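Student: I'm new to this one. Could you walk me through it with a few questions and answers?

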Amino acid sequence: MNKEEGLNINISAPNLISVCVDTSDRGEFSGRLYQCYSEEPWCFENVVQLLHLMDKLYDCISYPQASTESRSFIKRDKEPILKLQKKIPQETILKQKAVSQPLPYMSNTGRMLRGRVMYSGWKEG
């Protein structure tokens with residue numbers, strides 16, 4: 001565990017991410033998602049894109065595993081799941097900072113710990 005500003009953050013968690021919110025325009029957030037499987041951040045333009053990126057990451061690393069699987073009556077070929085390898089130390093993820101907003105952290109359970117990006121009462125700085 002790493003003590004970052006009084007929070008217990010498990011830096012060994014395979015799904016550790018850092019979401020940096022760079023801009024907020026009428027309640028729509030854009031920014032960067034950092035994780036240890038890519039040297040470059042994944043950019044997003046809205047919260048829906050952020051959720052898709054997170055979902056794709058978690059599917060690729062199989063952690064946490066999906067609790068449900070979509071059912072279909074049409075037979076479709078499954079897309080091959082990419083297996084990712086760590087490319088940067090996880091400690092560097094915690095050092096990323098947003099351009100103008102506080103750095104939000106997500107725990108390995110998926111709860112927002114700080115910054116609360118999707119909190120409806122968040123005020124623009």
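Tutor: Sure, starting with a term: a polar contact is a pair of N or O atoms within 3.5 Å; within protein, one must be able to donate a hydrogen and the other to accept it, and residues adjacent in sequence count only if both atoms are side-chain atoms. What you see is a predicted model, where local features need pLDDT of at least 70, side-chain atom pairs count only at pLDDT 80 or more, and totals for chains, interfaces and linings use all residues. Residues are numbered from 1 along each chain as its sequence is written, and side-chain values use heavy atoms, with hydrogens and water left out.

Student: Which backbone nitrogen does the side chain of Gln35 reach at 2.8 Å?

Tutor: Gln35 sits in strand S4 (strands are DSSP runs of E, at least two residues; helices are runs of H or I, at least four; both are numbered from the N terminus). Its side chain reaches the backbone nitrogen of Ser38 at 3.4 Å. At 2.8 Å, the Gln35 side chain reaches the backbone nitrogen of Tyr37.

Student: Is Gln35 buried or exposed?

Tutor: Leaving out neighbours within four places in sequence, Gln35 is in contact (heavy atoms within 4.5 Å) with residues including Trp42, Leu57 and Ile93. Buried means under 20% relative accessible area, exposed over 50%, and partly exposed in between, using a 1.4 Å probe and protein chains only. Gln35 has a relative accessible area of 1%, so the word for it is buried.

Student: Which element gives the most to the largest nonpolar core?

Tutor: A nonpolar core is a set of buried Ala, Val, Leu, Ile, Met, Phe, Trp, Tyr and Cys residues joined through side-chain atoms within 4.5 Å. The largest one here has 19 residues, and Leu33 and Met54 are among those with the most contacts inside it. Strand S3 (17-25), strand S4 (28-35) and helix H1 (47-61) each supply at least two residues. The top contributor, with six residues, is H1.

Student: Which residue meets Arg32 in a salt bridge?

Tutor: A salt bridge is a side-chain nitrogen of Lys or Arg within 4 Å of a carboxyl oxygen of Asp or Glu, and the count comes to two. Arg32, in strand S4, pairs with a residue in strand S3, 10 residues apart. Arg32 counts as buried because its relative accessibility is 14%. The partner, at 2.7 Å from N to O, is Asp22.

Student: How far apart are the closest N and O atoms of Asp25 and Arg26?

Tutor: Asp25 is partly exposed, with a relative accessible area of 45%, whereas Arg26 counts as exposed at 77%. They form a salt bridge, and the distance is 3.8 Å.
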